[in-house]
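Let's take a walk through a protein together, one residue at a time. Have the sequence and the 3D view open, and follow along.

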Amino acid sequence: MDQQLTSRPWAKAAPAIATSTVLILARIWNANGAEHSVGDAVLMTALSLGAAVADALASVGRAGDGVIAGTAFATSGALALAGVAGYADGLSLPLLLWALSTAVTYGLAARHWRTDRREAAAHERHIGERREEHAHVERVEALRAGAQIEVAREGAAYATALAQAITARSALPGFNAAALTHAGLPELPTIEITKEH
């Protein structure tokens, strides 16, 4: 999974950095004569129209892609803040607009951050469930293999014990292999016993 935006350390500061940058640039623009310049008035009109276009795009984008809507709202707010901060005489109105726009930006971003956290938690939960499922299957297969090995061991031990018992019985006088077969045991191979003198 790609690294979530909310896990990056600068992501929580991005809205404040963006609105502060717009405010600083607008005040620099104001200090350079934006209040009394006709050319800057034309630019202010263009900024206002840009804000309106951004709002229109946001309205259209709201029904579709959330990223387009968010980008349009952010553009609209930035252009409005820049226009007012650039032409305001004092600093109180630009600071008030900066605080308001920063709060709105954090409000919109928090909703997306919550969605990202929910999706990340759901993904982690899904991965955890799959790991548990695979671990359970591995445990069951290990138990099954262990049981088969134990059965094979016990069978081998029984066969060894039976062979030793038959060998010991065959050494006794009067041993009759045919009688064992007649009693229901499987036919035993003939064993030749050689006695040393």
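**Starting from one serine**

Ser 101 counts as buried, because its relative accessibility is 17% and the cut-off for buried is under 20%. Keep in mind as you look around that this is a predicted model.

So where does this serine sit? Ser 101 is part of helix α4, which covers residues 92-170. Now look at what Ser 101 touches: leaving aside residues up to four places away in sequence, its contacts are Thr 19 and Leu 81. Ser 101 and Leu 81 are 20 residues apart along the chain, yet 7.8 Å separates their C-alpha atoms.

Let's zoom out to the helix itself. With its 79 residues, α4 spans 114 Å from its first C-alpha to its last, which is close to the 117 Å expected at 1.5 Å a residue. Ser 101 has some buried company in α4: the helix's other buried residues are Pro 94, Thr 102, Ala 109, Trp 113, Asp 116, Ile 166 and Ser 170.

Zoom out once more, to the whole chain. You'll find five helices and zero strands, so reading from the N terminus the elements simply go α-α-α-α-α. Of the 197 residues in the protein, 18% are buried. Among contacts with a separation of 6 or more, 65% link residues 24 or more positions apart.

Back to Leu 81, the neighbour we met through Ser 101. Leu 81 belongs to the largest nonpolar core, a group of six residues that also includes Val 22, Leu 23, Ala 26, Ala 82 and Ala 85. Which helices feed this core? Helices α1 (14-34) and α3 (66-87) each provide at least two of its residues. Try clicking on Leu 23, another member of the core. Not counting residues up to four places away in sequence, Leu 23 is in contact with Leu 81 and Ala 85, and also with Pro 94, Leu 95 and Trp 98.

Time to look at the outside. The accessible surface of the protein comes to about 14,200 Å², and carbon and sulfur atoms account for 65% of that. One spot to find is a nonpolar surface patch of about 300 Å², made by Ile 24, Leu 25 and Ile 28. Ile 28 has its place in helix α1. Is it buried, partly exposed or exposed? Ile 28 counts as partly exposed, because its relative accessibility is 44%.

Finally, let's hunt for charged partners. How many salt bridges does a search of the whole structure find? The search turns up two. In one of them, the side chains of Arg 144 and Glu 141 meet, at 2.8 Å from N to O. Both residues lie in helix α4, three residues apart, which is about one turn of the helix. Arg 144 is partly exposed, with a relative accessible area of 43%, and Glu 141 counts as partly exposed too, at 39%.

Glu 150 and Arg 153 form a salt bridge as well, with their closest N and O atoms 3.6 Å apart. Why are these two separated by about one helical turn? It's because Glu 150 and Arg 153 are three residues apart in helix α4. Glu 150 counts as partly exposed, because its relative accessibility is 36%. Arg 153, on the other hand, has 53% relative accessibility and so counts as exposed, since the cut-off for that is over 50%.

Note on methods. Residues are numbered from 1 along each chain as its sequence is written. This is a predicted model: local features need pLDDT of at least 70, side-chain atom pairs count only at pLDDT 80 or more; totals for chains, interfaces and linings use all residues. Side-chain values use heavy atoms; hydrogens and water are left out. Helices (H or I, at least four residues) and strands (E, at least two) are DSSP runs, numbered from the N terminus. Buried means under 20% relative accessible area, exposed over 50%, partly exposed in between (1.4 Å probe, protein chains only). Contact means heavy atoms within 4.5 Å. The expected span of a helix is 1.5 Å times one less than its number of residues. A nonpolar core is a set of buried Ala, Val, Leu, Ile, Met, Phe, Trp, Tyr and Cys residues joined through side-chain atoms within 4.5 Å. Accessible areas come from the Shrake-Rupley method with a 1.4 Å probe; for residues, only the protein chains shown count as cover. Patches are made of residues with over 30% relative accessible area and no salt bridge: like charges are joined within 9 Å, nonpolar side chains (Val, Leu, Ile, Met, Phe, Trp, Tyr) within 5 Å. A salt bridge is a side-chain nitrogen of Lys or Arg within 4 Å of a carboxyl oxygen of Asp or Glu.
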